[in-house]
Every structure is written in C-alpha cells, then in structure tokens.
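Visitor: I am new to this structure. Please take one part and walk me through it closely. I would like to start with the cysteines.

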Amino acid sequence: MKHLFVNPSRKISKIDKNIYGHFSEHLGRGIYGGIFVGEDSGIPNVRGIRTDVVQALRHIRVPVIRWPGGCFADYYNWRDGIGPRSERRRIVNTSWGGSVEDNSFGTHEFLDLCEQLGCSPYIAGNVGSGTVRELSEWIEYMNSDGESPMADLRRKNGREEPWGVTYIGIGNESWGCGGHMSAEYYAGLYKQYATYARPYGGTQLYKAACGPDGADYAWTDTVMRLAGNFMDALSLHYYTMPGYYSTDPYKWEKKSSATDFDEANYYRTLVRALYMDELITGHKFVMDQHDPEKRVALCVDEWGAWHAAEPGTPPSFLYQQNTMRDAIVAAVSLNIFNKHSDRVRMANLAQMINVIQSVILTEGDKIVLTPTYHVFDLYKAHQDAELLESYVQQDFIGTEEAQVPAIHASASEGADGKVRITLANLSANESQSVCCTLSGGNFSSAAVRCLSGRMNDYNSFEDPYKVQIQTMPAIPVEGNRFQLEAPACSVFEITLS
C-alpha cells in the first residue's frame, strides 16, 4: 500500500496557467499540415488554420504558445512573413533539413491562431542572426497603437488594432544553435536587446532571457548576476532522451524508438524525466542567490521526450509516435512544475503538433489525439489553482540500473473551491494500491478520471481511440480518507467534493 497525504489547509503557491503552455516551431509538419493548411484546402479551416486542431487545443485550454522557434527563430526575419502571401520571400530552412519555407504562416497567421484559441502568444526573437532594430520593429509592428512606421505597415497589411503581445523571448539557445555565445557575451547582448524592446501601445513586455542548457548552473549564475535586473524570466531547456545505458545515469543521449522499447528502456526514460526536479531545484538555488524575492520566473520553454524519428520519415522532421510511456513522462513533468510553481511560471511542451512529444498528430484530413494530449486534459484544472502541500510515502520500483518512485502526484485547490489530485502509477506492469489521507477539509466523495494502458500503447490513424480517458465510478471518502487501485502505467485526475 502506498500512502498519499494531502493538506488542503496549506497552500504553497499559485500554479500559473502558463505552466501548461506549448511550443510550435517551423519544423517538419509542425506548422504546415499540422496547424496551417491554407484557405483553399478541403480540410475545414478558418483563414487557413485547421478547425479540428483549434477545437482540440481549446478543449485542453492551451494558455500560451511559443513561436517561431527554436533554432529556426534565430534564422527568421519576421518581415518575410507579412504582406500578401504570393509576395512573401521563400527561404531554405537551414535549421531543419533544408526544406523550402514559403512564409505563408507568419505573424498575422500565428496571432490569428492565438486569438482563435484564446491564448497568449510568446514570441521568440532573433538574436543569433538578427539585429536590435529588427526585434524592436517587430514589437512595434505588433503593439503600436499610434502613428508610427510599423503600425502603419501593419494597417496596410490588414490589421487595424494592435495585438498587445506581452511575452518576448530574447534569444534561443544562445549557448548553442543561437550563436554559440559565452554567458558573459550573451548577458551584455541581452541587455542591449531588452533596452530597445519597448512598451509600444502601453503594453508592458514580459522579457525572457535565454537560460541554460540542462545542468549548466554557471550559465544561470552569470546571466542572473549580469542581467537579472533587466529580465522577467530565464528559460530552461531540457529533453528526456532515454537511449541506452552509460556509466553516467543522467546521460542516455542516444535516441531510440518511440514505440519499440523494452521495460529497461521504459524505466531509463522515467529516470531522465524525473531528473527535471533536480535541475529545477539547482537552478532555483542559483537564482535565489541573486533574486531571493523570486521576481524572475524560471520558464521551462522547451521540454519533452525526444525519441528517434519514425521509420520512413525524414529524420530532420522529428516526427515520432506517442505512447503511454510519454504520457507518464508528461504526468511526472507537470507534477514537478506544479511543485516548483513558486519559481516556475511557464513551461512549453515541445512540440505541439507532429514534432517530438506532440499532443496532436495529423495526416491529411485525419487527426489523432495522443496519450500526452489526454494527460493535459486530466491536468488542465490545475491552471491558476493553488498548489497544496502533498507527500507520497512509498518504495521505489524499476530495474537495477533505473529506479523510480512507484507513485508520483501533485494537488491543488481551484477557484471553484474544489481540491484536485493528479497521480501517476509509474510501474510498467503492476497495479498499485494507494491510500490517500486528507488532513483538512470535509470531503465525502472523489470523482475519478483515468488514462491507462500498456507502456507501448499508442493511438494511430488506423486505431485513433486505443488510449482514452475513462470516467471511473466515484470513490467514497470516509473520515477524510479514500483508497484507489491504480492500474499499471496509468494517470489519474481525482476531484474531491
């Protein structure tokens, strides 16, 4: 028996809704065919944006989308993606496979997508190959409400009112594909760009600096020390890449199949996913030395399970299937973000559609909702809720080389006053009996939704409903205690009343 303790009377921090954000880059079929099909397509669309995709994303309450990259962002010139589509400059996407980018999906189309979803845009600015003026004028184009060259250009292109974009990322992976910069050099460059990222139209910008690659705590220390007073957030990128065993338990870097894997690979994957907690704890500690008031947020604006591309697809398109293993990765990652919500205020799953750990796969007019999508459905009520104190008393499971906790959970109280627990059974093949004790409140019943399956199960275009959320019979709560039987490889949402 595993024991979960939840204290509804102790609220820790607000779980910012943007923790449940997404990321979409001009990469493979992430944009074209995934989001955008053009107005002349036979696939139902609104101004070229797929109707089925919008409906699915609205259902899980997508709060924010980061765009246009990724590595592509530091090659992108926003002027290529405005004006009549027939006149837009065609370029070669040198970041991802050398495919032709016709720029038919640009600033107007992306912000139209955000308006259709009712979510916030998060613009990744070009620092690697762009200029300070280029980013400054892009912000002016999107936000200026008066008479100005960029506002006039926007009106000429059919948009009278400014969009009021708040979230601006200044550089992407500047330690790598964004310029191979040192932390000292980037910090100085960041301050220059941030100075000219101005509040046009009265829109106060939320400026995110490029943070570390994984466990590079020295990068965080340097950038916070030199530029922390100029930023609202620092990003963190970390991918779960299980691959094969090495002498270092945190460096299984070789990618392996998204669907054809054994139990040893499954547990290695979860060890890598759980490492996110150690990473965030370490970077929080460094940030606390410079910002004890926690004014600067940590934004995990690229995260997810990164496997080998599906056989028969271009490797540079990063198209992969999505199994119950990925659902467990998503569940533990979101629980970790919830528990660090005192500092983590945004996270962006990579990537939203048809790339890496997608929530949606498309093929022509077909659409598949992945197991990861269903985890976001189970967890959506945590958005803007108050994190509650919780603790799991348990043992560890797995293999000799990869041990993980059997149960992983987080809890919150929403604005509606309801307490919700999200819980995952990490075991590949054993159910777990869980006893939950509530030290506060007065509850009589627990409504339960569950996602479960074998670790290799996934939804395909031939069998799109193999892995689905099931509504379970309500569980009685007696003496503020209830018991739950969690099947192997499962994720739960438990709502108390």
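Guide: Start at Cys71. This is a predicted model, and in it Cys71 has a relative accessibility of 18%. The cut-off for buried is under 20%, so Cys71 counts as buried. Cys71 has a bonded partner, Cys177. Their sulfur atoms lie 2.2 Å apart, and a disulfide needs them within 2.5 Å. Cys177 is partly exposed, at 37% relative accessible area.

Now look along the bond. The torsion about the S-S bond of Cys71 and Cys177 is about -95 degrees, so this disulfide is left-handed. Cys71 sits in the loop between strand 5 (64-67) and strand 6 (91-93). Cys177 sits in the loop between strand 9 (167-170) and helix 5 (183-196). The pair therefore ties together parts that are 106 residues apart in sequence.

The count of disulfides comes to one. Why is Cys114 not bonded to Cys119? The sulfur of Cys119 is the closest cysteine sulfur to that of Cys114, but at 3.9 Å it is too far for a bond. Cys114 is buried, with a relative accessible area of 3%. Cys489 is also without a bond, because its closest cysteine sulfur, in Cys450, is 10 Å away. Cys489 is buried too, at 0% relative accessibility.

Next, the sheet. Nine strands form an open sheet with mixed pairing. Their order is 23-22-25-20-19-16-1-21-24. Strand 23 (469-476) and strand 24 (481-486) stand at the edges. Each has a single partner strand, so one side of each has no neighbour in the sheet. On average, neighbouring strands are turned by 25 degrees against each other, direction ignored.

Follow strand 1 (residues 2-14). Strand 1 pairs with strand 16 (residues 386-393) in the antiparallel sense, over seven bridges. There, Lys11 stands opposite Leu388. Strand 1 also pairs with strand 21 (residues 432-438), this time in the parallel sense, over five bridges. Here Lys2 stands opposite Val434.

Two helices belong in the picture. Helix 8 (residues 324-339) packs on the sheet. Among the strands it touches are strand 16, strand 19 and strand 20. The direction of helix 8 makes about 50 degrees with that of strand 19. Helix 9 (residues 371-379) lies across strand 20, strand 22, strand 23 and strand 25. Helix 9 runs at about 165 degrees to strand 22.

One last pairing. Strand 16 meets strand 19 (residues 407-413) in the antiparallel sense, over two bridges. Glu386 has Glu413 as its bridge partner there.

How values were computed. Residues numbered from 1 in each chain as written. Predicted model: local features only at pLDDT ≥ 70, side-chain atom pairs only at ≥ 80, totals over all residues. Heavy atoms only, no water. Helix = DSSP H or I, 4+ residues; strand = E, 2+ residues; numbered from the N terminus. Buried < 20%, exposed > 50% of the residue type's maximum accessible area, 1.4 Å probe, protein only. Pairing = 2+ DSSP bridges. Axes fitted to C-alpha atoms, helices over the stretch in contact; angles between N-to-C directions. Contact = heavy atoms within 4.5 Å.
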